[in-house]
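Let's walk through this fold together, starting with the sheet and ending at a pocket. Keep the 3D view open as you read.

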Amino acid sequence: MSESSTEPIRRILLPTDFSAAANAAVEYAERLAACTSASLLVLHVRQGWGADAPSDEADEQMQRTIEQIRSRVPDVHVEQLIHGGSPGEVICWVAQEKACDQIVMGTHGRTGVINLLMGSTAEYVVRHARCPVLTVPSRSSTEEPLQEPNLGH
């Protein structure tokens, strides 16, 4: 974790739950790593009972993700880690313990009551991480463009 904003980005933490939102972040993290010559640490956090037990499905998804990254950006060093626990807490802790300079993660774009009831891993990470966090929203290609703000005199 760098103390100065002038330090280069050497390691990027890329948490994934293998969702569409996480996949959008994968593509962004690949580009960032390629531009900065940083390595990628791909993290999947297993939640709930038996979170540290092996999971064939998560292992297979992780292998597919790693293979896709390596095929698209072969010059980027890619590591993987699967860890059990609360996603927000684990992401922040891993970023600290593995000396990550940046976290790149997807957001599902939930707002309002849904976010209040379900919680937001991205919001937790933004508030608690000890390094910068870049969030990549999952947006539909058919989503309406933003309207010019009303300056209301």
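Angles here run from 0 to 180 degrees between N-to-C directions, with axes fitted to C-alpha atoms, for helices over the stretch in contact. With that in hand, helix H2 lies across S1, S2 and S3 and runs at about 160° to S3. Please bear in mind that this is a predicted model.

**The sheet**

In what order do the 5 strands of the open sheet lie? The order is S3-S2-S1-S4-S5, and the pairing is parallel. Strand S3 (78-84) and S5 stand at the edges with a single partner strand each, so one side of each has no neighbour in the sheet. On average, neighbouring strands are turned by 25° against each other, direction ignored. Helix H1 packs on this sheet and touches S1, strand S2 (39-46), S4 and S5; the direction of H1 makes about 155° with that of S4.

Here are some of the strand pairings, each with one pair of bridge partners.

| Strand pair | Bridges | Sense | A facing pair |
|---|---|---|---|
| S1 and S2 | 5 bridges | parallel | Pro15 and Leu43 |
| S1 and S4 | 2 bridges | parallel | Leu13 and Ile103 |
| S4 and S5 | 5 bridges | parallel | Met105 and Thr135 |

**Two covered strands**

How many of the 6 residues of strand S4 (residues 102-107) are buried? The count is 6 of the 6, so S4 is largely enclosed by the rest of the structure. If you follow the side chains of S4, Gln102, Val104 and Gly106 point one way, while Ile103, Met105 and Thr107 point the other way, and all are buried.

S2 is also mostly covered, with 8 of its 8 residues buried. One side of S2 carries Ser39, Leu41, Leu43 and Val45, and the other side carries Leu40, Val42, His44 and Arg46; both faces are covered. His44 and Arg46 are thus listed among the buried residues of S2.

**A closer look at Pro15**

Pro15 is found in strand S1 (residues 11-15). Is Pro15 buried or exposed? Buried means under 20% relative accessible area, and Pro15 counts as buried because its relative accessibility is 8%. Leaving aside residues up to four places away in sequence, Pro15 touches Leu43, Ile91, Ile103, Val104 and Met105. Of these contacts, Leu43 is also the bridge partner of Pro15 in S2, and Ile103, Val104 and Met105 belong to the buried residues of S4. Pro15 and Leu81 are 66 residues apart in sequence, yet their C-alpha atoms are 9.4 Å apart in space.

**The second largest pocket**

Rolling a probe the size of a water molecule over the atoms shows where empty space is left. The second largest pocket has a volume of about 160 Å³. Its lining is made of Phe18, Asn23, Val26, Glu27, Gln61, Arg64, Thr65, Gln68 and Arg72. Which elements give two or more residues to this lining? They are helix H1 (20-36) and helix H2 (56-72). H2 gives the most, with 5 residues. By class, the lining has 2 nonpolar, 4 polar and 3 charged residues.

H1 and H2 therefore meet the reader twice: H1 packs on the sheet, H2 lies across S1, S2 and S3, and both helices contribute to the lining of the second largest pocket.

How values were computed:
Residues numbered from 1 in each chain as written. Predicted model: local features only at pLDDT ≥ 70, side-chain atom pairs only at ≥ 80, totals over all residues. Heavy atoms only, no water. 1 Å grid on protein atoms, 1.4 Å probe; cavity = no way out; pocket = protein on both sides within 12 Å on 5 of 7 lines; lining within 4 Å. Points joined across faces, edges and corners; volume = space filled by probe spheres on them. Helix = DSSP H or I, 4+ residues; strand = E, 2+ residues; numbered from the N terminus. Nonpolar A, V, L, I, M, F, W, Y, C, P; charged D, E, K, R; others polar. Buried < 20%, exposed > 50% of the residue type's maximum accessible area, 1.4 Å probe, protein only. Contact = heavy atoms within 4.5 Å. Pairing = 2+ DSSP bridges.
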